[in-house]
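Here's a quick briefing on a protein model with a ligand in it. Have a look at the structure first, then read on.

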Amino acid sequence: MAEQYDAIIIGAGIIGACTALELARKGQRTLNVDRLPAAGYGSTGASCAIIRTYYSTYEGCAMAWEGYHYWKDWSDYLATEDERGTAHFYNTGCLIMKTDKNRYLEPVCRYMDELDIPWETWGPEQINARMPFYDLRHFAPVKRPDDDGFGIPAGAAPLSAVFFPCGGYINDPQLATHNVQRAAEALGAEFRFNQTVTEIRRDGDRVAGVTLASGARIDAPVVVNVAGPHSGKVNRMAGVEDEMRVKTRALRQEVCHVPAPPGFDYEHDAMVTSDSDIGCYGRPETGNHILIGSEDPECDEREWVDPDHYQHEFSEQWQTQVMRYAQRIPKLGIPSHPKGVVDLYDVSDDWIPIYDKSDLPGYYMAIGTSGNQFKNAPVAGEMMAELIEYCQAGHDHDAEPLRFTLRHTGREIDLSFCSRLREINAASSFSVLG
Ligand SMILES: Cc1cc2nc3c(=O)[nH]c(=O)nc-3n(C[C@H](O)[C@H](O)[C@H](O)COP(=O)(O)OP(=O)(O)OC[C@H]3O[C@@H](n4cnc5c(N)ncnc54)[C@H](O)[C@@H]3O)c2cc1C
């Protein structure tokens with residue numbers, strides 16, 4: 001006889017783990033199945049785990065602001081000890097350069113005001129008081145190193161920025177996921193690793209459970225796709241992708257890990273940075289290092305890949321990103337041995353996540369996290385648990401979308417914002433910025 005659970009969650013990344021925790025808090029008996037050996041070993045483990053509040057939509061900002069409150073009081077959220085210790089949130093603040101591309105952050109700051117999220121304008125003097133090593137000349141439009149004019153500054157006045165004091169990064173995203181696993185297990189949730197889901201089974205017109213590569217069958221009236229960059233494959237397995245207006249696919253990314261130049265205490269003086277003038281974001285990393293990610297500028301070709309077959313080694317993109325960042329820190333060395341991570345985003349058509357049901361009753365999805373949902377995982381976990389409860393009770397979320405109240409900030413979000421059936425959201429940045 002097949003094993004039986006109330007809900008099977010495909011994936012044990014940060015969002016899969018948070019979904020398990022919130023379902024367990026509602027008294028559900030859950031099982032997370034993951035093809036990898038431990039929680040948070042997929043794209044979560046590669047995450048820069050930046051916590052910030054600015055997005056290009058009101059709902060994006062509201063969710064991120066809510067998420068900030070969970071990370072700030074991480075132990076309260078978990079309400080359990082983890083024998084490995086707890087992940088740490090470094091509240092460095094976030095510095096976003098004002099550029100043409102982000103319309104000098106005017107729309108974003110309007111959302112900040114609506115949501116009571118603090119922000120400050122920083123002129124060049126204020127930026128250089130904190131980071132004297134930062135070159136604030138203009139380099140836009142973003143170029144590739146071989147392009148004419150790369151690294152040659154233009155424009156007269158130095159850049160200014162908006163500083164968001166509530167933001168920073170989590171030092172160890174994998175440990176954070178393990179923390180959530182332990183919190184869920186304390187409530188009876190189960191996790192199974194090194195097991196791949198190969199079939200989503202139906203009983204009549206409802207989902208019935210999953211079959212694993214080992215042949216084992218596990219039954220549940222609820223199955224949740226939280227498979228990260230494999231989300232599209234899992235949806236095709238379930239036969240639900242065709243009816244979705246917004247779909248997902250895997251995008252290859254490189255993040256560079258480089259030492260700060262000697263004499264610069266980047267680890268303590270710097271903060272999270274987002275810089276559309278050079279097409280990079282960055283953050284301090286332990287050992288006075290810098291993590292440098294890409295903001296997906298138009299001049300870079302996007303590498304859509306099969307999540308089971310892609311190039312795991314660094315390419316020339318690694319050097320491109322470091323050279324772009326070196327425009328801000330001219331003394332930045334370029335190590336001969338690239339370090340960092342190569343991993344995948346699970347990108348939706350408008351870079352906004354899909355937290356939704358499907359046309360197959362009992363089958364749900366928390367996907368399309370587009371390189372920007374680590375910070376929202378605890379919020380997404382609560383949304384998914386409430387959505388599942390709402391739909392399993394017979395409500396039609398497509399016709400009458402669930403309105404979700406954010407616990408810390410008290411704001412309400414219409415969850416059709418994250419629907420698989422939405423029109424492409426034209427307000428999106430169509431990049432990792434969401
Ligand atoms: C390089 C990089 C940098 C990022 N930086 C940030 C950041 O700074 N801030 C931020 O907020 N977000 C960031 N993100 C995004 C964030 O990390 C993700 O949105 C988040 O981790 C997704 O979590 P998840 O649980 O949905 O997916 P994942 O962590 O990918 O977990 C999915 C799991 O599903 C499992 N799985 C897949 N298919 C199957 C199957 N058939 N059977 C069993 N198991 C299966 C996989 O093994 C995997 O463990 C970044 C992402 C990357 C890749």
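What follows covers the ligand site, the helix packing and two backbone oddities.

This is a predicted model, so keep in mind that local features need pLDDT of at least 70, side-chain atom pairs count only at pLDDT 80 or more, and totals for chains, interfaces and linings use all residues. Residues are numbered from 1 along each chain as its sequence is written, and side-chain values use heavy atoms, with hydrogens and water left out.

**Ligand site**

- The ligand is surrounded by 37 residues, counting a residue if one of its heavy atoms lies within 4 Å of the ligand; the closest are D34, S43, T44, I50 and K375.
- By type, that shell splits into 19 nonpolar, 15 polar and three charged residues (Ala, Val, Leu, Ile, Met, Phe, Trp, Tyr, Cys and Pro count as nonpolar, Asp, Glu, Lys and Arg as charged, and the others, Gly among them, as polar).
- Ligand oxygen atoms have polar partners at 2.9 Å (a backbone atom of F374), 3.0 Å (a side-chain atom of S47) and 3.3 Å (a backbone N or O atom of I14).
- On its own the ligand exposes 1,000 Å², and the protein buries 97% of that (Shrake-Rupley areas with a 1.4 Å probe).
- Two or more shell residues come from each of α1 (14-25), α2 (43-46) and β20 (340-348); helices (H or I, at least four residues) and strands (E, at least two) are DSSP runs, numbered from the N terminus.

**Helix packing around α1**

- The axes of α1 and α11 (residues 377-392) come within 7 Å and cross at roughly 50 degrees, with axes fitted to C-alpha atoms over the stretch in contact and angles running from 0 to 180 degrees between N-to-C directions.
- α1 and α11 are therefore oblique to each other (under 35 degrees is roughly parallel, over 145 roughly antiparallel, 65 to 115 roughly perpendicular, and the rest oblique).
- With α7 (residues 173-185), the α1 axis comes within 9 Å and crosses at roughly 20 degrees, so α1 and α7 are roughly parallel.

**Backbone oddities**

- Most residues other than glycine have a negative phi, and most peptide bonds are trans.
- A49, in the loop between α2 and β4 (50-51), has a positive phi of about 55 degrees although it is not a glycine.
- The A140 to P141 peptide bond is cis, with omega near 0 degrees, and P141 lies in the loop between α6 (124-130) and β8 (161-164).

Methods: A polar contact is a pair of N or O atoms within 3.5 Å; within protein, one must be able to donate a hydrogen and the other to accept it, and residues adjacent in sequence count only if both atoms are side-chain atoms.
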